[in-house]
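User: Hi! I've got a new model open and would like to talk it through with you. Could we begin with the empty spaces inside, and with what you mean by the term?

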Amino acid sequence: MKPFLHVHALRLRHSWKFILLAAVLSTAFAALCERYDLLRMSEAELGVYDQGLTFFTRGHPRSRDVVIVGIDDKTLQGIRDNETYVRNYGVYPYSRNLWARVFEHLVDEGARAIVFDGVMDERGTDESNDLALAQVLEERGIPLTLGFSINAGQPILPRVEPVNRLPHRPTPPAPEVRPAAVEAGEEDFDEFTGTEGPPPLKPEEVARALAFPVHHPGLALPSLEQKPGDTGSRLMRYPVTPLPGLVRVTPGFGLVLQEEDGDGRLRRTRFAYSDGANTYATLSLAAVADILGAERVELTPGRLRIGSRELPINADGSAELDFGGTWTERFEALSVYAVLEDWARRQQHQREGTPYVPVIPEGTFRGKVVLVGGLSVGTSDVKATPFQSSAPGLVKHAVMLESLLSGGFITQAPYPASLLLTFLVALFSVALVTLVRVPMLELAWPLLLFFGFFLVTGLFLEHGRVHLLSAMPIYAGELAALSAVAFNHMFANRERERLRLSFNRFLDKTLVDQLVEQQKLPSLEGETREITAFFSDIRGFSSFSERFKDDPKALGALLNRYLTRVSEVLMAHGACLDKYIGDAVVCLFGAPLNIPDHAVRACHAALAVRDEVDALRAEFQKEGLPDVYTRIGLNSAEMFVGNFGSEHLLDYTAIGDGMNLAARLEGANKAYDTTIMIGPLTYAMAREHIEARELDRVRVAGKQEAVTVYELLARAGALPAAKRATVERYHQSLALYREARFEEAIHLLKEALAADPEDGPSRALLARCERYALNPPSLPFDGVVSLEK
């Protein structure tokens, strides 16, 4: 153990300055990314936060304080199908007298308070319905908190001294109840009386109704300006006045405001806003203040006080919403239609004495805060949360009400604490990777860092309701680890270079690089591996070199030019150059590096070599140099590969029948006047990626077993239509040839050559068919061609 500690102590002594500098710079870089949203850090932070929230905080119990009554699909369809309901309430958005019935029934059922997630600022087509709602609110003293909106086109309200006018205790229903119909078509609902509109509102009266007493020492409330992402000039938005009749009788009003993050998801909220003249509480906060009997709300950095209830929040006066699961898991949701039906049944019971059998069990609303709003997509109030990509917008108010009444919010850790944590993570990361120097750790640490920090921040969310900034420490840790990897490799590269210099005199550079990366000497032992061998040769090289018998230097320069161009193409496709044999090039695909698609790569490389040679031939022709027409053979097989030779000279190559067949296929191109010939396994492995034609079944010298060989023509989908027709005729002719129907094959081949006179395989097969037509072969005829070379 002591030597181990001694080694790491020496490493620390030599590299502590680098460790400290890398940690500081990584922390500074991550802090800049967080401050100016570089490298999409804000998006990363939100993503990590959402993952932690959904993974660690799911499973909160169903709310005991809040019940949702929503306009769901059942409500929309049920009212639409009921003629009486349509006649009295219209279709969505419904007339205000519907809400009078709903609110009245909820109070009769013992609701503690009603929070309406919506606004009522536009006069209805029948103002008597608006007055009906105001009349019920006033007569029954319904504890309602109604939303109001803001708009840039509204006039500013005068500054007032806000007072929270707390709701009175609801008045019980009168002994005699007006008759009502239970089922559609029996009897119309009686309308509320009193159609005279209320006197005009004064701006001061509106301001006193909407403004809320928010004491905020040391905290600047957010402005009601348009969001920075809005187009055009930024304008201050002011409250839109609700219906005059409602302003005077509704006990509470709260601001309804979109508070999505930049990606459109609901995650956090503010509690109060200012337009420069007055302060306004959000809908949920205003409702809870009324419920708790608070005359005002106190907002200070990090604290929210509502009456006797005090909750921790963020230092800037915001808070993250503690969803605790999907909204259906957290809250009981009932249909407005069901409430309306129960109201009608109760009216019939009181009028006719019939049994009262409610749709909703009695006691459901007793002592509960009832949140009323839209649930159906048809209400156009759909939002995204970390738990759901599509949820009703009222989920935000439901979560806020639950948190304000009996739960709490998720708060963000102080920024200095997150910055210190970022530095510690960066310091630990760079120290660990620098001192341990284990390659597996260099690869695994970034992943371990992410999951480890995900676990830590998740536990803080679950048990402390604290949001630690996650992206900034992860960015710093990843950067610090990369710096350490680079630092380690600087020293490793020095050692590699020493090894390279030691062996460059004995080994090819490609093998030296492999030796360095493997950090072991090549051995004389080999392995059996499936690879593809490549052979190429210049046609008539003997005649080619004859022209330079008096100038061998020019021949060498020309040959080097050719080999360089061909080798670059091969290596670009992943080939391992085996050797040059004069003008011939031998290379391997799939060894020493394992390449699963070695056959496909070899075929594509051969086609690229053909194109490169065609370009080179054109250049040579312009320069008056000899032609370098090149033939290529490819074959895939299991071959024995390794370093063969002695301790003094090693050659990495492959041996076996597969290698021999590749060489013979290169030479067999001459018999068919083709450029690229491939073996059967190569074709089978690459057939989905190439265009090829079956040439023949051949028997190579020294072998009795016949193999099927193919001509490689093009990449898949790149074969011209004319050539495809030629190939089709050739395949038909080859089938006739193998059936010894030589005359028919001759006729078809002549048609193919008439359309494509330069097709070498068609000429070769035609000559063979004509020979057999004159001198029929002995039967049975197998159609196999023996290749002598």
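Analyst: Happy to! By a cavity I mean a set of grid points where a 1.4 Å probe fits but cannot get out, and a lining residue has an atom within 4 Å of a point. Please keep in mind that this is a predicted model.

User: Good to know. How many cavities of 30 Å³ or more does the search find?

Analyst: The search covers the whole structure and finds 6 of them. The largest cavity holds about 100 Å³ of space.

User: Which residues lie nearest the centre of the largest one?

Analyst: Those are R123, D130, L131, L243 and G245, out of a lining of 10 residues. Two elements give two or more residues to this lining, helix 6 (127–140) and helix 8 (244–249). Helix 6 gives the most, with 4 residues.

User: Let's zoom out. How many helices and strands does the protein have?

Analyst: There are 24 helices and 29 strands. The protein has 789 residues, and 51% of them count as buried. As for contacts between residues at least 6 apart in sequence, 76% join residues at least 24 apart.

User: I see an open sheet. What is its strand order, and is the pairing parallel or antiparallel?

Analyst: The order is 7-3-2-16-1-15, so to speak from edge to edge, with 6 strands and parallel pairing. Strand 7 (252–255) and strand 15 (332–335) are the edge strands, each pairing on one side only. On average, neighbouring strands of the sheet are turned by 25° against each other, direction ignored.

User: Tell me about strand 1. Is it buried or exposed?

Analyst: Buried: this applies to 6 of the 6 residues of strand 1 (residues 66–71), so the strand is largely enclosed by the rest of the structure. Both of its faces are covered, with V66, I68 and G70 on one side and V67, V69 and I71 on the other.

User: And what does strand 1 pair with?

Analyst: It is joined to strand 16 by 6 bridges, and the two run parallel. In that pairing V66 stands opposite V369. Strand 1 also pairs with strand 15 in the parallel sense, over 4 bridges, and there G70 has S335 as its bridge partner.

User: Now the edge at strand 7. Which way do its residues point?

Analyst: G252 and G254 point one way, while F253 and L255 point the other way, and all are buried. Strand 7 is joined to strand 3 (residues 144–148) by 4 bridges, running parallel. Two of the facing pairs are L146 with F253 and F148 with L255.

User: Which helix lies across strand 3 and strand 7?

Analyst: That's helix 9 (residues 283–291), which also lies across strand 2 (113–119) and strand 16 (369–374). It runs at about 160° to strand 3.

User: Switching to helices. Why do you say helix 5 is largely enclosed?

Analyst: Because 12 of its 13 residues are buried, which here means under 20% relative accessible area. The buried ones are R96, N97, L98, W99, A100, R101, V102, F103, E104, H105, L106 and V107.

User: What span should helix 5 have, and how far apart are its ends?

Analyst: At 1.5 Å a residue, the 13 residues of helix 5 (residues 96–108) should span 18 Å, and the end C-alpha atoms are 19 Å apart, which agrees. After the helix comes G110, with a positive phi near 90°.

User: What about helix 18?

Analyst: Helix 18 (residues 552–572) has 21 residues and reaches 30 Å from first C-alpha to last, close to the 30 Å expected. Its buried residues include L555, L558, L559, Y562 and R565. It is followed by G574, whose phi is positive, near 95°.

User: Last one: where is V700, and is it buried or exposed?

Analyst: V700 sits in the loop between strand 27 (690–699) and strand 28 (707–715). With a relative accessible area of 11%, V700 is buried, because the cut-off for that is under 20%. Leaving aside neighbours within four places in sequence, V700 is in contact with L661, R664 and L787. V700 and L665 are 35 residues apart in sequence but 9.0 Å apart in space, C-alpha to C-alpha.

Key
Residues are numbered from 1 along each chain as its sequence is written. This is a predicted model: local features need pLDDT of at least 70, side-chain atom pairs count only at pLDDT 80 or more; totals for chains, interfaces and linings use all residues. Side-chain values use heavy atoms; hydrogens and water are left out. Two strands pair if DSSP finds at least two bridges between them. Axes are lines fitted to C-alpha atoms, for helices over the stretch in contact, and angles run from 0 to 180 degrees between N-to-C directions. Contact means heavy atoms within 4.5 Å. The expected span of a helix is 1.5 Å times one less than its number of residues. Buried means under 20% relative accessible area, exposed over 50%, partly exposed in between (1.4 Å probe, protein chains only). On a 1 Å grid over the protein atoms alone, a cavity is a set of points where a 1.4 Å probe fits but cannot get out, and a pocket is an open set with protein on both sides within 12 Å along at least five of seven lines; lining residues have an atom within 4 Å of a point. Grid points are joined across faces, edges and corners, and a volume is the space filled by probe spheres set on the points.
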